[in-house]
Amino acid sequence: MSGVRSDASKLKGARTALCGLGVALAVLAACAPVGASASLPQDAPTSIDCPRSLGPNVRCYNLRDDAGAWLVVAVPQGWTGRLIVHAHGGPRMGAPEADDGLADLDRFAVMVRRGYAWVGSTYRRAGYGVRSAAEDVERSRLLFAEHFGAPTLTLLHGQSWGGNVAAKTAELHGRNPDGTPVYDGILLTNGVVNGGTRAYQFRADLRAVYQYFCRNHPAPSDPQYPVWQGLPAGATMTRAELRRRVVDCTGLGLSARDRTAAQSRAKRQILAVTGLEEDELIDHLNWATFTFQDLVHLRLGGRNPFDNSTRVYSGSDDDAALNAGVERFAADPEAVALLAYDADLSGDIPSPTLTVHALHDPTVFHSAEAVYAETVRAAGRSDLLVQVTTDESDHSRLEDASYLTALDALEGWIETGRRPDPTGFQARCRALSLTPCRFVD
């Protein structure tokens with residue numbers, strides 16, 4: 001079962017290692033110590049109203065930890081000791097607020113209804129930083145045990161970018177000093193499990209392709225900057241303004257009658273070259289704008305982690321002209337190393353790990369799972385990894401039946417030591433009388 005530690009020595013060790021890489025890496029995350037010596041006082045848990053989706057007989061709390069992150073906690077009446085430690089997706093660009101975690105608690109309410117206690121951290125600050133967020137996730141586990149008692153079974157769950165955070169949490173903080181696992185099992189759903197240096201390159205390609213066809217992000221009247229920056233440091237473009245520019249160029253969302261021929265042509269070519277669907281374009285451009293701005297300027301010291309210097313784009317009406325005229329950029333090796341240190345995965349998983357990924361995930365493509373499988377194989381830990389697929393198409397939330405089946409399989413694996421058969425999840429879902437069952441055998 002999970003080990004519970006009363007101090008944060010492992011957290012301090014990870015932070016020391018991060019800060020020890022010097023000034024270049026210090027931009028990745030603040031180097032203040034974590035734990036008892038941090039500057040903020042730790043709040044006591046405060047009772048709050050639970051989301052209605054949790055059902056009756058559940059108590060909810062929030063508290064702020066000593067690094068500045070807010071925690072939301074849910075504890076069912078008659079709690080039997082099973083805990084889910086949750087890593088949320090994003091990264092979020094707004095400063096953390098006390099009730100931010102309630103949306104995640106509501107999204108994953110089925111876990112609490114099934115009897116699990118649940119704790120989720122906002123992370124201490126806005127913006128990118130996988131190692132920093134991983135420290136915050138592990139601290140949330142420690143604080144739950146301190147205030148609500150030691151769990152008998154602890155599962156770590158991450159969704160979306162939180163899948164990257166949870167996987168990194170397991171790698172960095174997933175073993176006790178004696179080598180036993182801290183987390184009994186790990187569940188990664190629609191996770192960014194291909195790591196930071198691989199997960200965002202296609203959005204840099206999107207920015208280059210979009211700019212070639214639209215020439216308005218940046219517009220000729222804007223201060224000019226390389227598109228891999230997302231935006232210049234300090235620029236304050238809003239999401240509404242970005243949407244306006246996209247609509248101006250592509251007619252996105254307009255009827256065929258209201259869209260010009262030039263808009264239709266631009267939209268068709270951007271989608272054909274990038275492989276995106278129409279309703280995915282705005283979201284990916286948002287990440288390639290605001291997340292890139294945070295990542296490049298605040299975490300990587302202005303360095304470029306992206307490279308399209310040898311990329312051959314295809315699918316347009318004139319690929320030769322596109323490849324000759326598209327903006328080109330080469331990655332800074334130091335930026336790539338910094339991003340890899342922060343967000344790439346080693347595959348050294350310490351506990352039974354189950355990934356569930358929607359085949360038609362429009363945000364984190366299913367192909368990320370193959371990258372993770374190879375990473376884990378290279379680390380010699382494939383015996384601790386099971387990967388399954390559903391035919392779903394939502395990114396931020398799977399069907400309740402998918403989560404419950406996965407949790408049942410993961411707990412069975414932990415209890416018996418037998419890896420679940422990836423081809424048996426559909427039958428397992430039906431045997432549990434859940435619906436809809438959408439696993440792909």
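**Pockets, cavities and charged pairs in a predicted model**

Helices α3 (101-107), α7 (196-199), α8 (201-214), α11 and α14 (368-378) each contribute at least two residues to the lining of the largest pocket. The structure described here is a predicted model. Among the elements around this pocket, α11 gives the most to the lining, with four residues. The space inside the largest pocket comes to about 870 Å³. A total of 39 residues line the pocket, and those closest to its centre are S160, R203, W287, T363 and H395. Sorted by class, the lining holds 14 nonpolar, 13 polar and twelve charged residues.

Enclosed spaces were examined next. Two cavities of 30 Å³ or more were found, and the largest of them holds about 40 Å³ of space. Its lining is made up of Y123, R124, R125, G127, Y128, G129, S132, A133, D136 and W161. Helix α5 (residues 130-148) supplies the largest share of this lining, namely three residues. By class, four of the lining residues are nonpolar, three are polar and three are charged. Two of the residues that line this cavity, R124 and D136, also belong to a network of salt bridges that links D65, D66, R124, E135, D136 and R139.

That network leads on to the charged pairs of the model. Side chains of opposite charge can pair when their charged atoms come close. Across the whole structure, 27 salt bridges were found, and three of the pairs are worth following one by one.

The pair of E241 and R245 is found within a single helix. Both residues lie in α9 (residues 239-250), four residues apart, which is about one turn of the helix. Their side chains meet in a salt bridge with an N to O distance of 2.8 Å. E241 is partly exposed, since its relative accessible area is 23%, whereas R245 is buried, with a value of 11%.

A second pair joins D258 and R257, whose closest N and O atoms are 3.8 Å apart in a salt bridge. Is R257 buried or exposed? With a relative accessible area of 75%, R257 is exposed. D258, at 46% relative accessibility, counts as partly exposed.

The third pair, E334 and R303, forms a salt bridge of 3.4 Å from N to O. E334 lies in helix α13 (residues 333-343), while R303 sits in the loop between α11 (281-299) and α12 (319-325), so this pair ties together parts that are 31 residues apart in sequence. E334 is partly exposed, with a relative accessible area of 36%. R303 also counts as partly exposed, at 21% relative accessibility, because the buried class holds only values under 20%.

Finally, one residue of a strand was followed in detail. T389 is placed in strand β9, which covers residues 385-390. This threonine is buried, with a relative accessible area of 15%. Which residues does T389 touch, leaving aside those up to four places away in sequence? The contacts of T389 are with H357, L359, H366, R438, F439 and V440. With one of these, H366, the side chain of T389 also makes a polar contact of 2.7 Å, side chain to side chain.

Definitions and conventions. Residues numbered from 1 in each chain as written. Predicted model: local features only at pLDDT ≥ 70, side-chain atom pairs only at ≥ 80, totals over all residues. Heavy atoms only, no water. Buried < 20%, exposed > 50% of the residue type's maximum accessible area, 1.4 Å probe, protein only. Polar contact = N/O pair within 3.5 Å; in protein donor to acceptor, adjacent residues only side chain to side chain. Contact = heavy atoms within 4.5 Å. Salt bridge = Lys/Arg side-chain N within 4 Å of Asp/Glu carboxyl O. 1 Å grid on protein atoms, 1.4 Å probe; cavity = no way out; pocket = protein on both sides within 12 Å on 5 of 7 lines; lining within 4 Å. Points joined across faces, edges and corners; volume = space filled by probe spheres on them. Nonpolar A, V, L, I, M, F, W, Y, C, P; charged D, E, K, R; others polar.
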